[in-house]
Amino acid sequence: MDQKNVLLKPELPSLKLLGRGKVRENYDLGDHMLMVATDRLSAFDVVLPQGIPDKGAVLTGLSVFWFGLLRDVVGTHFVTADVAKMPGDVQKYASVLRGRSMLVRKLAIVPFECVVRGYLAGSGWSDYTRTGSISGIRLPAGLRESDKLPEPVFTPSTKATVGHDENVTFETVKENLGAEMATRLRDLSLKVYLKAADYARSRGIILCDTKFEWGQTPKGELVLADEVLTPDSSRFWPVDGYAPGKAQPSFDKQFVRDYLISIKWNKQPPPPDLPAEIVAKTSERYLEAYKRLTGKALKD
Ligand SMILES: Nc1ncnc2c1ncn2[C@@H]1O[C@H](COP(=O)(O)OP(=O)(O)O)[C@@H](O)[C@H]1O
Ligand SMILES: [Mg+2]
């Protein structure tokens, strides 16, 4: 399918590629790094053939918004999203990069994903149904899917390079990184979650759960890295229609998931093409998430 207005694979030949993820491509700028959010979409851990218009800009715009809101709470890796303020080598690609790129401090990334859950969903819900716990944290009996937890919990996971991340206990993080670092990661992650969840709630959105990545500066300062609090790293639920006892529709990818289930795709590559209507509706959802959370349209 021929698609205009989407970026699937940036061509930035004079920049040094540091890594290519499912959605983002990172370029090495010495002490700094350029993060470029493409319009790629992954569902069930597989990248789909079609891009979602404006998705990269929504992911970047939301991260920038949150870095601003969180500035008083934690240090972050964010430097600028203004291409005109980036190095000259980057500026020459301004037309490709504008709106979808962030210049950040290059960090030594902590090798655990710092997940915080305020509600029971996804792998947290399936762990709870099997064991009554998530990541070794005992929870009250009788909770339903999507129920609010008595208090948010820190449920770290491995950073799998291939396949799915696996939930690990706080003990495992301690054994690997030491008690002091593990405790800082947990306390900071919970603090950021609480601040963000409070804010999201004021905008009619429940922040079910989210995944943070933290990194260390050369001086050893621990700062918030990666994308933050985007639909790709978090579950956002509209407050209207929230009904525990079942899975909540996901704000962004639900049309894609429903479509893939309806055609009985076996979730193994290669993924099928997405119809234009599903692509358009998904794009609207991402834009809607941006607007609801920030209070203004992305393209005003
Ligand atoms: N400030 C930073 N310094 C170095 N690496 C970072 C920084 N922020 C994020 N990263 C890394 O950049 C990558 C982001 O790319 P992404 O497309 O999200 O990959 P993935 O598919 O692994 O999630 C992740 O591996 C993340 O750990
Ligand atoms: Mg990622």
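## Helix pair α1 and α8

The crossing of helices α1 and α8 is left-handed. This description refers to a predicted model. Helix α1 covers residues 55-70 and helix α8 residues 276-294; their axes come within 9 Å and cross at roughly 15°. Angles under 35 degrees count as roughly parallel, and α1 and α8 are therefore roughly parallel to each other.

On the α1 side, the contact is formed by K55, V58, G61, L62 and F65. Helix α8 contributes S283, Y286, L287, A289, Y290, L293 and T294. Sorted by class, this contact comprises 8 nonpolar, 3 polar and 1 charged residues.

## Domain arrangement

The protein is divided into domain 1, residues 8-106, and domain 2, residues 109-238. Their C-alpha centres lie 23 Å apart. The contact between them takes 15 residues from domain 1 and 18 residues from domain 2.

Helix α1 appears here as well: with 7 residues, α1 gives the most to the side of domain 1 that touches domain 2. That side of domain 1 has 9 nonpolar, 4 polar and 2 charged residues.

## Surroundings of ligand 1

There are 17 residues around ligand 1, of which G21, K22, R24, A225 and D226 come nearest. By class, the shell has 6 nonpolar, 5 polar and 6 charged residues.

Both domains take part in this shell, since at least three of its residues are drawn from each of domain 1 and domain 2. Strands β2 (24-29), β7 (101-105) and β14 (205-216) each supply at least two residues of the shell.

How values were computed: Residues are numbered from 1 along each chain as its sequence is written. Chains are lettered from A and ligands numbered from 1 in the order in which they are written. This is a predicted model: local features need pLDDT of at least 70, side-chain atom pairs count only at pLDDT 80 or more; totals for chains, interfaces and linings use all residues. Axes are lines fitted to C-alpha atoms, for helices over the stretch in contact, and angles run from 0 to 180 degrees between N-to-C directions. Helices (H or I, at least four residues) and strands (E, at least two) are DSSP runs, numbered from the N terminus. Angles under 35 degrees count as roughly parallel, over 145 as roughly antiparallel, 65 to 115 as roughly perpendicular and the rest as oblique. A crossing is left-handed if the near helix is turned anticlockwise from the far one by less than a right angle, and right-handed if clockwise. Two residues are in contact if their C-beta atoms, placed from the backbone, lie within 7 Å. Ala, Val, Leu, Ile, Met, Phe, Trp, Tyr, Cys and Pro count as nonpolar, Asp, Glu, Lys and Arg as charged, and the others, Gly among them, as polar. A residue is near a molecule or strand if its C-beta atom, placed from the backbone, lies within 6 Å of it. Domain bounds come from an automatic or database domain assignment.
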